[in-house]
Protein chains: 2
Amino acid sequence: MMLKLATNIKYYRKQHNWTQQQLANELAISRSVIAKWESGDVLPDLMALIKLSRLFNKPVDHLLGIDSENDQLLNDFQQFYQTNGDNESTIDETLLNTIDYLVKNPLLKEQIERLSHLSIKQQKAVQRILQTTLNEAERL
Amino acid sequence: MMLKLATNIKYYRKQHNWTQQQLANELAISRSVIAKWESGDVLPDLMALIKLSRLFNKPVDHLLGIDSENDQLLNDFQQFYQTNGDNESTIDETLLNTIDYLVKNPLLKEQIERLSHLSIKQQKAVQRILQTTLNEAERL
DNA sequence: TCCTTTAGTTCTTAATAAGAACATTTTACT
DNA sequence: AGTAAAATGTTCTTATTAAGAACTAAAGGA
């Protein structure tokens with residue numbers, strides 16, 4: 001199961017312009033715990049999660065990334081790109097997830113931005129590297 | 001923090017006409033764990049909670065009882081009883097919680113039903129007993 | 001570049017949930 | 001009502017996993 005919790009905690013913490021320490025203070029726990037939540041090493045317990053939900057004013061389901069708030073957005077996208085649910089479409093849930101991922105990983109977003117400005121040849125070269133790197137990583 | 005999780009798990013399990021064993025099978029865990037969740041002794045871990053959410057088709061927030069789905073209902077109630085949010089009103093969140101509690105505790109609901117059919121004197125007697133019993137219990 | 005702040009990691013300890021076995025209660029049937 | 005079977009509740013032990021402290025690494029600013 002792919003949880004977005006770690007990313008989300010970090011994302012919303014930053015939205016509030018809080019350091020890990022500040023968030024830790026809000027929750028009355030130690031800072032290193034926050035770090036581990038955000039790294040995905042450790043899952044917060046239920047009570048902590050509920051506190052986060054209140055602090056960030058987001059439903060627990062949303063923090064976990066298991067809500068279907070996306071559905072409306074997905075429709076809009078399909079409207080916009082006029083790919084009305086036919087099989088050829090690349091506008092699917094996967095895209096939404098990817099977008100979400102980018103939104104919450106500004107560095108990567110910036111990298112792709114830069115990538116898009118390279119020459120086609122350069123883009124392909126980068127993509128080849130990425131490909132082999134990913135293959136490698138996934139074998140572990 | 002008052003969690004309704006225990007009650008909710010039991011409630012929705014019964015709605016599905018499942019025994020603890022059946023639910024345990026669905027989740028691939030041991031039955032005694034379910035019993036402890038429902039007794040409120042133990043909180044399920046996050047992953048189990050998410051599975052429950054999917055199994056029952058209820059948002060996690062709802063299982064936890066921290067959602068504000070009540071708000072609409074509360075409005076309707078106030079309309080119905082024409083107590084438009086003024087301070088005198090007894091139609092408040094507390095009532096909704098109580099109703100919810102009754103809905104999920106059929107035995108108690110039935111008891112109150114029966115109580116309401118007693119004579120006024122008898123009702124008062126029962127309430128006195130309840131009162132002292134509660135006082136006693138709360139002192140522990 | 002150096003210093004300060006912030007974030008990540010490791011190791012140990014403490015908390016807590018899971019499971020098995022046993023006890024109690026409820027249900028169904030006669 | 002009486003009994004057997006099923007369902008649920010409880011206790012105790014074991015295993016899991018998160019919390020915290022201390023240390024390390026990285027980032028940001030003068």
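A polar contact is a pair of N or O atoms within 3.5 Å; within protein, one must be able to donate a hydrogen and the other to accept it. By that rule, three residue pairs are in polar contact between chain B and chain A, counting pairs with both residues at pLDDT 80 or more. The model is predicted.

**The protein interface**

Chain B and chain A bury about 1300 Å² between them. Carbon and sulfur atoms carry 82% of that area. The rule for salt bridges finds zero across this interface. On the chain B side, helix H4 (46-56) and helix H5 (60-64) each supply at least two residues that touch chain A. H4 of chain B gives the most, with six residues. The class make-up of that side is 13 nonpolar, one polar and two charged residues.

The contact takes 16 residues from chain B and 16 residues from chain A. Of the interface residues of chain B, 100% are also interface residues in chain A, so the copies meet through the same surface.

**How the copies are related**

Two copies of a chain are related by a rotation about an axis and a shift along it. Here, a rotation of 180 degrees with 0.0 Å of shift along its axis superposes chain B on chain A. The RMSD of that superposition is 0.1 Å. That is the relation of a two-fold axis.

**DNA strand C**

Next comes the DNA. DNA strand C is surrounded by 16 residues. The closest are A:Arg13, A:Gln20, A:Arg31, B:Ser30 and B:Lys36. Both chains appear in that list. Helix H1 (5-15) and helix H3 (31-39) of chain A each supply at least two residues of the surface near this strand, as does helix H3 (31-39) of chain B. By class, the surface near DNA strand C has six nonpolar, five polar and five charged residues.

What share of the atoms of DNA strand C within 4 Å of the protein belongs to sugar or phosphate? The share is 57%, and the rest belong to bases. One phosphate oxygen of the strand is 3.1 Å from an N or O atom in the side chain of A:Lys10. Base oxygens of the strand also have partners, with A:Arg31 at 2.5 Å and B:Lys36 at 2.4 Å.

**DNA strand D**

DNA strand D also has 16 residues around it. A:Ser30, A:Lys36, B:Lys10, B:Gln20 and B:Arg31 come nearest. H3 of chain A, helix H1 (5-15) of chain B and H3 of chain B each supply at least two residues of the surface near DNA strand D. That surface has six nonpolar, five polar and five charged residues.

Of the atoms of DNA strand D within 4 Å of the protein, 52% belong to sugar or phosphate. Bases hold the rest. A:Leu43 uses its backbone here: an N or O atom of that backbone lies 3.2 Å from a sugar or linking oxygen of the strand.

**Side chains at base oxygens**

The table lists contacts between side-chain N or O atoms and base oxygens.

| Residue | DNA strand | Distance |
|---|---|---|
| A:Arg31 | DNA strand C | 2.5 Å |
| B:Lys36 | DNA strand C | 2.4 Å |
| A:Lys36 | DNA strand D | 2.4 Å |
| B:Arg31 | DNA strand D | 2.6 Å |

On DNA strand C, the base oxygens are met by A:Arg31 and by B:Lys36. On DNA strand D, they are met by A:Lys36 and by B:Arg31.

Terms used
Residues numbered from 1 in each chain as written. Chains lettered and ligands numbered in written order. Predicted model: local features only at pLDDT ≥ 70, side-chain atom pairs only at ≥ 80, totals over all residues. Heavy atoms only, no water. Near = heavy atom within 4 Å. Helix = DSSP H or I, 4+ residues; strand = E, 2+ residues; numbered from the N terminus. Nonpolar A, V, L, I, M, F, W, Y, C, P; charged D, E, K, R; others polar. Contact = heavy atoms within 4.5 Å. Buried area = accessible area lost by both parts, 1.4 Å probe. Salt bridge = Lys/Arg side-chain N within 4 Å of Asp/Glu carboxyl O. Least-squares fit on C-alpha atoms with pLDDT ≥ 70 in both.
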